[in-house]
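Thank you all for making time this morning. I would like to walk through one structure slowly, element by element, so that anyone who has not seen it before can follow along on the screen.

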Amino acid sequence: MNHKTLIIGIGNSGRQDDGLGWAFLDAIESLFLENLDLEYRYQLQVEDAELIARYNSILFVDADMVQHPNGFNFEKLYPKDVNSYTSHELNPETVLHLAKTIYNVNPECYMLSISGITFHLNIGLTEIALLNLDNAIRFFKQDFYNSVTTF
Amino acid sequence: MSQKIVIDPVTRVEGHGKVTIHLDDQNKVKDAFFHIVEFRGFERFIQGHPYWEAPVMVQRLCGICPVSHHLAAAKAIDQIVGLNPEDLSVPAQKIRKLLHFGQVFQSHALHFFYLAAPDLLFGYDADPLKRNVVGVAMEYPEIAKKGILMRKFGQEIIKLITGKKIHGISASPGGVHKHISAKEISYFLDGKDIPDINTMIEWSLEIIQFMKAYHENNKVFMDSFAAYPSGHLGLVNKKTGFLELYDGFLRATDAEGNITLDDINNDDYADYFYESVERWSYLKFPYLKHLGREKGWNRVGPLARLNVCDGIETPLAEKERQDFKAATQGKTNNMTMYTHWARLIEVLYCAEMMRNLLHDHDLMSNDLIRKGTRRNRGVGIIEAPRGTLIHEYEVDDKDRITHCNLIVSTTHNNEPMNQAVRWVANNVMDGRPEITEGMLNQVEVAIRAYDPCLSCATHAMGQMPMEMTLYDSKGEILDYKVK
């Protein structure tokens with residue numbers, strides 16, 4: 001079992017604020033924090049169950065069309081069998097459920113959703129998304145990082 | 001009252017399409033279409049970019065098979081810098097081939113385990129809430145584990161060579177930019193971190209046996225469902241005529257196996273192909289000029305490739321090909337559902353080829369880049385997982401791309417998929433006043449056999465519901481469902 005924390009950034013930098021998940025990873029990488037593994041994803045796939053089964057602690061980061069207070073939302077996730085019509089886009093709860101079913105593990109898992117405004121075909125985050133990203137990174141450094149690295 | 005049934009979007013294909021089935025007053029099928037409603041415009045907006053950017057940019061066409069676009073563009077750009085495929089250094093050719101086999105292996109594994117297996121394991125009429133990859137993982141965890149690890153193996157090969165599992169970079173004009181070390185190769189051979197290449201071969205054989213048994217037990221359905229005569233197109237090895245995925249001659253046959261395109265050079269493709277357009281789809285319809293729009297269209301992909309080739313160079317896959325051919329007494333196979341079986345034989349072929357290459361010391365050579373005399377046109381043709389992929393570029397004297405033509409695998413399969421939809425509409429839905437989930441799924445099953453890739457790598461959670469709409473002859477909605 002890997003005792004680092006895995007952060008999976010989900011999104012697509014070619015669709016404006018949908019790139020928030022990846023921008024978050026870029027920002028975290030530049031901080032040179034220890035005990036973190038970073039993974040970029042367009043969407044979650046079934047094989048991600050095998051990946052997360054190797055970690056005790058996981059943080060998913062994704063853009064959200066919902067406008068949250070402070071520009072982001074943080075919540076704990078639990079395994080859940082959420083049936084989707086498509087197999088090339090799974091939600092984090094389903095990936096957790098798969099990991100539990102196939103690999104018999106139940107890692108500590110959280111979701112950080114960062115509010116975006118526009119998701120059209122273009123490169124670059126909107127100003128509001130950048131502000132929300134800053135808030136999310138501040139939260140990560142001050143509240144999340146210290147707590148998970150002391151597990 | 002005549003009706004129009006819309007299935008939008010089609011599920012468990014890569015990207016989204018829409019099927020419309022038009023019924024007459026007696027609920028008889030009047031016509032059926034498979035629409036591609038997404039417009040990408042890559043051929044246009046790549047113009048003006050330096051030619052060396054093409055292999056990087058075109059990867060963004062696809063999140064499932066970016067390597068195929070990367071390599072097809074790279075082969076075309078090699079020609080711009082004056083090199084034909086055989087002019088590249090042997091190590092560069094082998095590294096590109098290993099990358100390609102890894103790509104096809106993981107893509108085919110994805111298709112079988114994630115897209116096709118739910119139908120095969122649960123049946124086409126099973127509850128759709130169960131008939132999906134999550135359902136497979138829940139009820140068949142061992143199969144799911146193998147599927148995950150086979151896909152992972154191919155993706156790790158891609159990551160090794162390109163640096164990333166998706167949208168990495170390996171090919172440079174005239175070769176590749178890095179060799180592979182012995183330590184990196186051992187990752188795939190020692191079985192410590194991931195199952196080794198021999199295990200991949202063993203599992204490939206297992207799923208072929210599963211598929212053979214499935215054909216035996218469901219012969220009537222597999223032999224008849226969405227079966228129709230068609231042409232077949234694919235690359236064949238320039239020396240042997242065997243199955244070829246990276247570089248070869250273009251060969252096509254008609255539904256009886258008669259040669260309709262006789263091993264032509266890649267550079268000459270434009271002399272033989274036309275693309276027509278229809279007002280109801282953004283996807284073009286390629287066909288062989290000399291046969292015309294009605295008779296000149298071809299299937300591409302695993303079934304077509306096994307139909308046009310003379311053999312397979314790896315022993316285990318060749319044995320399986322012979323069994324596959326025996327099912328039709330050696331004749332050309334026009335049965336759509338055999339595409340799944342053919343795909344799995346290619347999985348085995350890729351695994352065997354990867355094993356050969358992973359033991360080849362040329363991978364560790366630093367002889368990686370060659371140079372030639374500059375040209376203004378390049379054509380790169382490759383067999384992507386879904387079929388023949390054509391990239392053509394013209395550049396000006398300032399190295400800017402002035403013309404780009406892409407014929408992707410799913411474009412070749414446009415008419416075949418429409419034929420498949422019409423077959424289902426006529427044979428399954430005709431005369432039935434009610435549209436059941438199982439019937440709707442059979443339309444999708446027919447399309448999924450081609451593993452179409454309609455658009456890729458867009459990401460908007462919650463923005464892609466499955467919608468079904470029923471219209472009357474006046475265009476008013478009779479029924480509407482969202483999943």
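**Two helices, three sheets' worth of strands, and one buried residue**Let me begin in chain B, with helix H8, residues 197-217, and helix H13, residues 338-358, which pack at an angle of about 165° with their axes 9 Å apart. That angle makes H8(B) roughly antiparallel to H13(B), and H8(B) passes H13(B) in a left-handed crossing. I should say at this point that what you are looking at is a predicted model.

Which residues meet where these helices touch? From H8(B) the contact includes Ile197(B), Met200(B), Ile201(B), Leu205(B) and His215(B), and on the side of H13(B) it includes His340(B), Trp341(B), Leu344(B), Glu352(B), Arg355(B) and Leu358(B). Taken by type, the residues of the contact of H8(B) with H13(B) divide into 15 nonpolar, 3 polar and 2 charged.

Two of the residues I just named come back when we turn to Phe188(B), which is found in helix H7, residues 182-189, of chain B. Leaving aside its neighbours within four places in sequence, Phe188(B) is in contact with Asp196(B), with Ile197(B) and with Leu358(B). Is Phe188(B) buried or exposed? Phe188(B) has 24 other C-beta atoms within 10 Å, and because the cut-off for a buried residue is 20 or more, Phe188(B) counts as buried. A further distance to look at on the screen is the one to Asn198(B), which is 10 residues from Phe188(B) in sequence and 9.4 Å from it in space, C-alpha to C-alpha.

Stepping back to chain B as a whole, its secondary structure comes to 16 helices and 16 strands, and buried residues make up 50% of its 483 residues. If we take the contacts in chain B between residues at least 6 apart in sequence, 70% of them join residues at least 24 apart.

Now for the strands of chain B, where an open sheet of 4 strands has the order E8-E7-E6-E11, with mixed pairing. Why do E8 and E11 of chain B each have one side without a neighbour in the sheet? Strand E8, residues 259-264, and strand E11, residues 298-299, stand at the edges, each with a single partner strand, so one side of each is left without a neighbour. Strand E6, residues 231-236, and E11(B) run parallel and are joined by 2 bridges, and in one of the pairings His232(B) has Arg299(B) of E11(B) as its bridge partner.

Further along chain B there is a run of strands that we can follow from one to the next, starting with strand E12, residues 377-384, which is mostly covered, since 6 of its 8 residues are buried. E12(B) pairs with E13(B) in the antiparallel sense over 8 bridges, and the two form a hairpin with 2 residues between them. Within that pairing, the bridge partner of Arg377(B) is Glu394(B) in E13(B). Strand E13, residues 387-395, also pairs in the antiparallel sense with strand E14, residues 401-407, over 6 bridges, and here Tyr393(B) stands opposite Cys404(B) in E14(B). The hairpin of E13(B) and E14(B) has 5 residues between the strands, and in this hairpin Asp399(B) takes a positive phi near 70°.

Let me finish with chain A, where an open sheet of 5 strands has the order E2-E1-E3-E5-E4, again described as having mixed pairing. Strand E2, residues 36-41, and strand E4, residues 72-76, stand at the edges of this sheet with a single partner strand each, so one side of each has no neighbour in the sheet. On average, and with direction ignored, neighbouring strands of this sheet are turned by 20° against each other. Strand E3, residues 55-64, runs parallel to strand E5, residues 108-115, and 8 bridges join the two in chain A, with Ile58(A) standing opposite Cys109(A) in E5(A).

Across E1, E2, E3 and E5 of chain A lies helix H1, residues 20-29, which runs at about 140° to E1(A). How many of the 10 residues of H1(A) are buried? The number is 7, so H1(A) is largely enclosed by the rest of the structure; among the buried residues are Trp22(A), Phe24(A), Leu25(A) and Ile28(A). The buried residues of H1(A) pack against E1, E2, E3 and E5, and also against helix H4, residues 127-148, of chain A.

Conventions. Residues numbered from 1 in each chain as written. Chains lettered and ligands numbered in written order. Predicted model: local features only at pLDDT ≥ 70, side-chain atom pairs only at ≥ 80, totals over all residues. Axes fitted to C-alpha atoms, helices over the stretch in contact; angles between N-to-C directions. Parallel < 35°, antiparallel > 145°, perpendicular 65-115°, else oblique. Left-handed = near helix turned anticlockwise from the far one by under 90°. Contact = placed C-beta atoms within 7 Å. Nonpolar A, V, L, I, M, F, W, Y, C, P; charged D, E, K, R; others polar. Pairing = 2+ DSSP bridges. Buried ≥ 20, exposed ≤ 12 C-beta atoms within 10 Å, placed from the backbone.
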